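Reader: Hi! I have a structure open and would like to walk through it with you. Could you help me make sense of it?

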Amino acid sequence: VVQVAFFVAAIGALGGAIAVVGLRNPFYSVLALVVHLVSLAALFLLLYAQFIAAAQVVVYAGAVMVLYVFVAAYVGQQEEPLYEPIPGQRLLAPLLGVALFVELSIAILGTALSSLSSRGAQIPASFGTPTSIGNLLLERFLTVFEAASMLLLVAAVGAVVLAGRRRDDTDRPTSERGSAGGRAEEAAR
Amino acid sequence: MDVTWYLVLSALLFAIGAGGVLIRRSPLVILLCLELMLNAGNLALVAFSRAVGNEEGQVFALIVMVVAACEVVVGLGLIVAIFRRRLPLNVDDLRDLRG
């Protein structure tokens, strides 16, 4: 059952990733990324990371993707010209991707780490639950937690400043950007 | 399932994301491909956390998600700002800062 679940989720994640790169309409790319993220959440569940999986669905597939959908709808479909600033870029880039994958696979499969070829260490029943993650986050990694909250605040303010309405702009206001950013921040906490 | 499977899948996703960043010209899609790469890293972190039996990798993945959310918010703000100044949304045309 675990193997079937792994392969279904892996195919979903791979298909979503390829669709993100391959589809020409950015709106469909965003929707493909949602498929990818939900499949990844299933993989996290298989790895006993329940809290990460829940956060992935709520924060990414929920809040961040709403931001993407808003911006994709606001910007609309832009023509991507076919000319290449570097000759042969469209051919070289996938080759580089394949080379990267081969290199990483050699590193992973050739490693001498014994724990990789096993099913993993023995873990307690509370592994990855919100309780244990919260304990780690609020005791051992409290500084990191506070720094992350500070970073979110700065990013939210920065986004409002960057995308905010200027006096000489005649465009319609984008107040929904600020509120969506705030929602992402709340969800991330 | 061996943890190696998850790592190979994560390497494949990372390579797809990297290829996408190199191929696509729209900044919005490039941000999406960056998300792919960050998520591949997250998958590797969680897989290692499972292999070692230590939850600190999951905390790391959580922080990566927070940083990714910040990056998205700022990047999308930049895209909206570019669009409102009626500049082309194409990373090849936006090369004024190149040395």
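Reader: Let's start simple: how many helices and strands are there in chain A?

Author: Chain A has seven helices and zero strands. Helices (H or I, at least four residues) and strands (E, at least two) are DSSP runs, numbered from the N terminus. Read from the N terminus on, the elements of chain A go α-α-α-α-α-α-α.

Reader: Anything I should know before I trust the numbers?

Author: This is a predicted model, where local features need pLDDT of at least 70 and side-chain atom pairs count only at pLDDT 80 or more, while totals for chains, interfaces and linings use all residues. Residues are numbered from 1 along each chain as its sequence is written, chains are lettered from A and ligands numbered from 1 in the order in which they are written, and side-chain values use heavy atoms, with hydrogens and water left out.

Reader: Thanks! What share of chain A counts as buried?

Author: Of its 189 residues, 35% count as buried. Buried means under 20% relative accessible area, exposed means over 50%, and partly exposed is in between (1.4 Å probe, protein chains only).

Reader: And how much of the contact in chain A is between residues 24 or more positions apart?

Author: Such pairs account for 61% of the contacts in chain A with a separation of 6 or more. Contact here means heavy atoms within 4.5 Å.

Reader: Let me pick one helix. Which residues of helix 5 of chain A are buried?

Author: Helix 5 of chain A covers residues 130-140, and its buried residues are A:Ser132, A:Ile133, A:Leu136 and A:Leu137. Seen down the helix axis, these buried residues fall within an arc of 130°, so they line one face of helix 5 of chain A. The arc is that of the directions from the helix axis to the C-beta atoms.

Reader: What is exposed on the other side of helix 5 of chain A?

Author: A:Thr131 and A:Glu139 are exposed there.

Reader: And what covers the buried residues of that helix 5 of chain A?

Author: The cover includes helix 3 (50-75) and helix 6 (142-163) of chain A, together with helix 3 (56-84) of chain B.

Reader: Oh, so chain B joins in! How do helix 2 of chain A and helix 2 of chain B cross?

Author: The axes of helix 2 of chain A (residues 26-46) and helix 2 of chain B (residues 27-52) come within 11 Å and cross at roughly 5°. That makes these two helices roughly parallel. Axes are lines fitted to C-alpha atoms, for helices over the stretch in contact, and angles run from 0 to 180 degrees between N-to-C directions. Angles under 35 degrees count as roughly parallel, over 145 as roughly antiparallel, 65 to 115 as roughly perpendicular and the rest as oblique.

Reader: Which residues make the contact between helix 2 of chain A and helix 2 of chain B?

Author: Among them are A:Leu33, A:His36 and A:Leu37 from chain A, and B:Leu32, B:Glu35 and B:Leu36 from chain B. The residues of this contact divide into 13 nonpolar, four polar and one charged. Ala, Val, Leu, Ile, Met, Phe, Trp, Tyr, Cys and Pro count as nonpolar, Asp, Glu, Lys and Arg as charged, and the others, Gly among them, as polar.

Reader: Is B:Glu35 buried or exposed?

Author: B:Glu35, in helix 2 of chain B, is buried, with a relative accessible area of 0%. Leaving aside neighbours within four places in sequence, B:Glu35 is in contact with residues including A:Leu33, A:Tyr60, A:Tyr68 and B:Glu71.

Reader: And which residues does B:Leu36 touch?

Author: Not counting residues up to four places away in sequence, B:Leu36 touches A:Ala17, A:Val20, A:Val21, A:Leu33, A:His36, B:Ile16 and B:Gly17. B:Leu36 is buried too, at a relative accessible area of 0%.

Reader: New topic: how many disulfides are there over all chains?

Author: A search of the whole structure finds zero. A disulfide is a pair of cysteine sulfur atoms within 2.5 Å. As for cysteines, B:Cys33 is buried, with a relative accessible area of 0%, and B:Cys70 is buried, with 6%.

Reader: Last one! What is the phi of A:Tyr48?

Author: A:Tyr48 has a positive phi of about 65° although it is not a glycine. Most residues other than glycine have a negative phi. A:Tyr48 is in the loop between helix 2 and helix 3 of chain A, and is partly exposed, with a relative accessible area of 41%.
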